[in-house]
Amino acid sequence: MKRIGMLTSGGDCQALNAAMRGVVKSLSYSGEPVEIYGFLEGYKGLIYGNFRMLTGADFSGILTKGGTILGSSRTPFKLMREPDENGLDKVEAMKQNYYKLRLDCLVILGGNGTHKTANMLREEGLNVVTLPKTIDNDLWGTDMTFGFQSAVNIATDCIDCIHTTAASHGRVFIVEVMGHKVGYLTLNAGMAGGADIILIPEIPYDINKVVEAINKRSERGSKFTILAVAEGAISKEDAALSKKEYKKKMANYKYPSVSYEIAEKIQKKSGLDVRVTVPGHTQRGGSPCPYDRVFASRLGAEAGRLILNGEYGFMVGYRNREIVKVPLEDVAGKLKMVAPDSDIIREAKMLGISFGD
Ligand code: F6P
């Protein structure tokens, strides 16, 4: 008999349900009896003992469903060691609930912050297996996270829709893409959607180079330009600021997001009409794409195998086209970013895409 606690933490994404279904199915089909305790709303559920016992029926019909049947929340890692408003020691509370339920292990699905806490629980002596979820694809130790491809599809659809209206009106359009501090989503959606300029956090932009690229297109007879801008895009001047100086600038920031600042600068420097589209959380919504359904199911199945073997303390990841187990201590606290000198950036530039650098 295996007693498994499961939780989804941080921002949700597509295929969380598919991944959990994969874990439970692989355990069930192994013949090993299992009890699944689903903690609600991420680590909060584990801290406050808020859980639901789940049966096979809970995992039926959820392969195609977006969101998470367990709910999710953000419980910042830096606050985990701080008592809550009633003085509760959160880490101790999580351990107590784990031991009270006599769990064999926790299956934790999450991104960067989630992995820091998962690793802390491992250090505290709990058995943990994790699965890499995030639309940002910024998790160290895995080439791919589930949710990413679905979000690329949605952001690409958005750029596709913008294309026709941009062409009719001869305007400059900015599509702002999620991804937090990392540019994978913008880079991939930008290339897939045929964006002319792609601005990502890893390659700070020079606004004059951006305007230059737009003007060059006009000179060549293109009436419109589309920019895919990462929500974390940063100018060369801002990138040169100290952390303190940058924080100060952002404290008085007058724009809703970076794209509006970039739009204003382009408008002023070029005199062109600029519009901003922010698809926002739609990028995390809807059904997982087929790739993510398969990918998350495979990762879930492999997590089931680790649990059956009693191999704990790993994230199930994907490297060089193989599913691998990555030690949690290697994953926690590291960000995977786009390398400015990577092949894909070089190739995008060969296709005439400007990164504003
Ligand atoms: O990490 C996933 C993500 O969607 C990021 O791309 C984005 O910056 C952030 O979460 C948004 O967070 P929230 O849903 O808390 O606004």
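Biologist: Which way do β10 and β11 run, and how many bridges join them?
Modeller: In this predicted model, strand β10, residues 314-319, runs antiparallel to β11, and six bridges join the two.

Biologist: What stands opposite Val-316 there?
Modeller: The residue opposite Val-316 is Lys-325, which belongs to β11.

Biologist: What is the strand order of the sheet, and how are the strands paired?
Modeller: The sheet is open and has seven strands in the order β3-β2-β1-β4-β5-β10-β11, with mixed pairing; its edge strands are β3 (51-54) and β11 (322-327), each of which pairs on one side only. From one strand to the next, the twist averages 25 degrees.

Biologist: Which strands does helix α1 touch?
Modeller: Helix α1, residues 16-29, packs on the sheet and touches β1 (2-8), β2 (34-39), β4 (105-110) and β5 (128-132), while its direction makes about 175 degrees with that of β1.

Biologist: Changing topic, how many residues are in the largest nonpolar core, and which have the most contacts inside it?
Modeller: That core has 63 residues, and those with the most contacts inside it are Met-6, Val-107, Leu-109, Leu-131, Phe-146 and Ile-307. Helix α6, residues 148-169, gives the largest share of this core, with eight residues. Another core, of 25 residues, lies apart from it and includes Leu-7, Tyr-98, Met-315 and Val-326.

Biologist: And what is Leu-131 in contact with, leaving aside its neighbours within four places in sequence?
Modeller: With those neighbours left aside, the contacts of Leu-131 include Ala-19 and Val-23, then Val-107, Ile-108, Leu-109 and Gly-110, and also Phe-146, Leu-299, Ala-303 and Val-316. That Val-316 is the residue that stands opposite Lys-325 in β11.

Methods: Residues numbered from 1 in each chain as written. Predicted model: local features only at pLDDT ≥ 70, side-chain atom pairs only at ≥ 80, totals over all residues. Heavy atoms only, no water. Core = buried A, V, L, I, M, F, W, Y, C linked by side-chain atoms within 4.5 Å. Buried < 20%, exposed > 50% of the residue type's maximum accessible area, 1.4 Å probe, protein only. Helix = DSSP H or I, 4+ residues; strand = E, 2+ residues; numbered from the N terminus. Contact = heavy atoms within 4.5 Å. Pairing = 2+ DSSP bridges. Axes fitted to C-alpha atoms, helices over the stretch in contact; angles between N-to-C directions.
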